[in-house]
Amino acid sequence: MSRKKTKQRYCGIGGQAVLDGIMMRNGADFAIAVRKPDGTIALEKKTDKKKKKNRLSEIPFIRGVVNFIDSLVVGFTSLNFSAEVGMEDDEEEPGRFELFLKKHFGDRANDIIMTCTVIAAVILAVAVFILLPYGLSALLSQLIRSKMILSIFEGVLRLAIFIAYVALIGLMDDIDRMYMYHGAEHKCINCIERGKPLTVPNVRRSSRLHPRCGTSFMLYVMVISCVLFFFIQVSNPLLKLVYRLLLIPVIAAVSYELIRLAGRSSNPIVKLLNLPGLGMQKLSTREPEDSMIEVAIQAVEAVFDWRAYQEATFGPQEAQEEDGEDSEYDYDYDDDDAYDDVYDEDEEYYEEGDGVYNGDDEYYEEDDGVYNGDDEYSEEDDACDDVYDDQAYGLEPEKAREASKDSEKIRSEEEAGREIEELLENDL
């Protein structure tokens, strides 16, 4: 059965999962939607005034470092808001450090706390993903004399630590739910970029993998650092460590350009380079609940007019194609191997397996007696049986069953008559 192919169009929005919610960003505007303990959704929209004035965020390579730092600040701000919403029923006394900052810095206390948090997070990331692999490889320098082998070992160790980190933190309940919201974020963006109206059923059918993802960006950082550290070789251990620290902005800048290209380009080589990042997203995303999708949709609509975007990008007809809220077929999504999201060569995500959405606004299965797309049911056996369909003939279920029994009785009497005639002919 042919599958309708819709080319994915870059829409420019991005986001981040937070505690029981999602932050969606469009340019300098970002909105944080969080599911409150009572079931309602808290929504806050903000504008990053510094990003509006900062022209460095538009210069290639320099923008990578600027946007990375800016994303960290906005990300921690969003996390802080989601934590406050989650604990709004708990009356907690401010700590001594918080009281000290508010006493001496007033309204700037929150900015100082956020700056300290970002700096601490960067230092921790550098220590775990840069210094730790370097230190472990340096311990083996007495046993392994080849600098090339040591560099390869350091790179492999760095990748292993990153993959293990993403996988292991997902075992925590709070992070597992955050991964589900991460999946909802990707599904919303994919739904918009495919020209489908942003409804829960349409988002549910979209892929949870997306080329422009922070997980893919971090994987680029790990791989590019391995390549650079491999080719830049010095004998002095201290100087080698200094080089690694100085190259971090360069690595972030190159990684940003690659992830930006991956979200806009259909070049086969670019898509091939992005496949490992899509694979990593299998670890950092989960299939979300419908309630999580609702939160994501509210965050999107607070900062992005997806209807105007789709009408301008796909045209009024294509943008209005909807397969969702009014459909009579319930989509029972099962996150097993048969429903895994696959990124194909035609710039679309699709799901393989029987009984899934095939892109043509209909469902199909290979089993017998199911809906086949032509408003009828079929079976291999009993295809010629005179069975009355209640909808086709307008009969009530009880009368339909009686009609079916009468039909079977008539056939049985006819067969018995033929057998008696054959016996009489043989005797004669």
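This is a tour of a predicted model, stop by stop, with something to select at each one.

**The whole chain**

Start with everything shown as a cartoon. The protein has 428 residues, and buried residues make up 39% of them. Its secondary structure comes to 16 helices and six strands. The accessible surface is about 25,400 Å², and carbon and sulfur atoms account for 55% of that area. Of the contacts between residues at least 6 apart in sequence, 68% join residues at least 24 apart.

**Colour by confidence**

Next, colour the chain by pLDDT. The protein averages 77, and 69% of the residues score at least 70. Which elements have the lowest and the highest mean pLDDT? Strand E6, residues 349-351, has the lowest at 37, while helix H12, residues 290-303, has the highest at 97.

Select residues 318-397. Throughout this stretch pLDDT stays under 50, and the model gives it 154 contacts beyond four places in sequence. Where pLDDT is low, the predicted coordinates should not be read in detail.

**Helix H2 and a buried pair**

Select residues 62-86, which form helix H2. Its 25 residues reach 37 Å from the first C-alpha to the last, close to the 36 Å expected at 1.5 Å a residue. Now show the side chains of its buried residues, among them Val66, Asp70, Val74, Phe81 and Val85. Gly64, Gly75, Thr77 and Ser78 are also on the list of buried residues in H2.

Stay on Asp70 and add Arg25. These two form a salt bridge, with the closest N and O atoms 2.5 Å apart. The pair links distant parts of the chain: Asp70 belongs to helix H2 and Arg25 to strand E2 (residues 21-26), 45 residues apart. Are the two partners buried or exposed? Asp70 and Arg25 are both buried.

**From strand E3 to helix H12**

A search of the whole structure finds 14 salt bridges, and the next one to select is Arg35 with Glu294. Here the closest N and O atoms are 3.3 Å apart. Arg35 sits in strand E3 (residues 29-35) and Glu294 in helix H12, so the salt bridge ties together parts that are 259 residues apart in sequence. Why does Arg35 count as buried? Its relative accessible area is 19%, and the cut-off for buried is under 20%. Glu294 counts as partly exposed because its relative accessibility is 38%, between the limits of 20% and 50%.

**A network of charges**

Select Glu287 and Arg208. They form a salt bridge whose closest N and O atoms are 3.8 Å apart. Glu287 lies in the loop between helix H11 (268-284) and H12, and Arg208 in the loop between helix H7 (200-205) and H8; the two are 79 residues apart. Both Glu287 and Arg208 are buried. Add Lys187, Arg204 and Asp290 to the selection: salt bridges that share partners join these residues with Arg208 and Glu287 into one network.

**Helix H5 and its cover**

Move to residues 147-169, helix H5. This helix has 23 residues and reaches 33 Å from its first C-alpha to its last, close to the 33 Å expected at 1.5 Å a residue. Its buried residues include Leu150, Glu154, Leu157, Arg158, Ile161 and Phe162. An α-helix has 3.6 residues a turn, so residues three or four places apart point the same way.

What covers the buried residues of H5? The cover includes helix H4 (109-139), helix H6 (173-193), H8, H9 and H11. Show those helices together with H5.

While H11 is on screen, pick out Leu275, which is found in that helix. Leu275 is partly exposed, with a relative accessible area of 39%. Its C-alpha is separated by 9.1 Å from that of Ser216, 59 residues apart along the chain.

**A nonpolar patch**

For the last stop, switch to a surface view and select Val223, Val227, Phe231, Ile232, Leu238, Leu239, Val242, Tyr243 and Leu246. Together they make a nonpolar surface patch of about 810 Å². Helix H8 (214-231) and helix H9 (237-246) are the elements that give two or more residues to the patch. H9 gives the most, with five residues. Ile232 lies in the loop between H8 and H9. It counts as partly exposed because its relative accessibility is 31%.

Key. Residues numbered from 1 in each chain as written. Predicted model: local features only at pLDDT ≥ 70, side-chain atom pairs only at ≥ 80, totals over all residues. Heavy atoms only, no water. Patch = residues over 30% accessible without salt bridge, like charges linked within 9 Å, V, L, I, M, F, W, Y side chains within 5 Å. Areas by Shrake-Rupley, 256 points an atom, 1.4 Å probe, with all protein chains shown as cover. Salt bridge = Lys/Arg side-chain N within 4 Å of Asp/Glu carboxyl O. Helix = DSSP H or I, 4+ residues; strand = E, 2+ residues; numbered from the N terminus. Buried < 20%, exposed > 50% of the residue type's maximum accessible area, 1.4 Å probe, protein only. Expected span 1.5 Å × (residues − 1). pLDDT = per-residue confidence, 0-100. Contact = heavy atoms within 4.5 Å.
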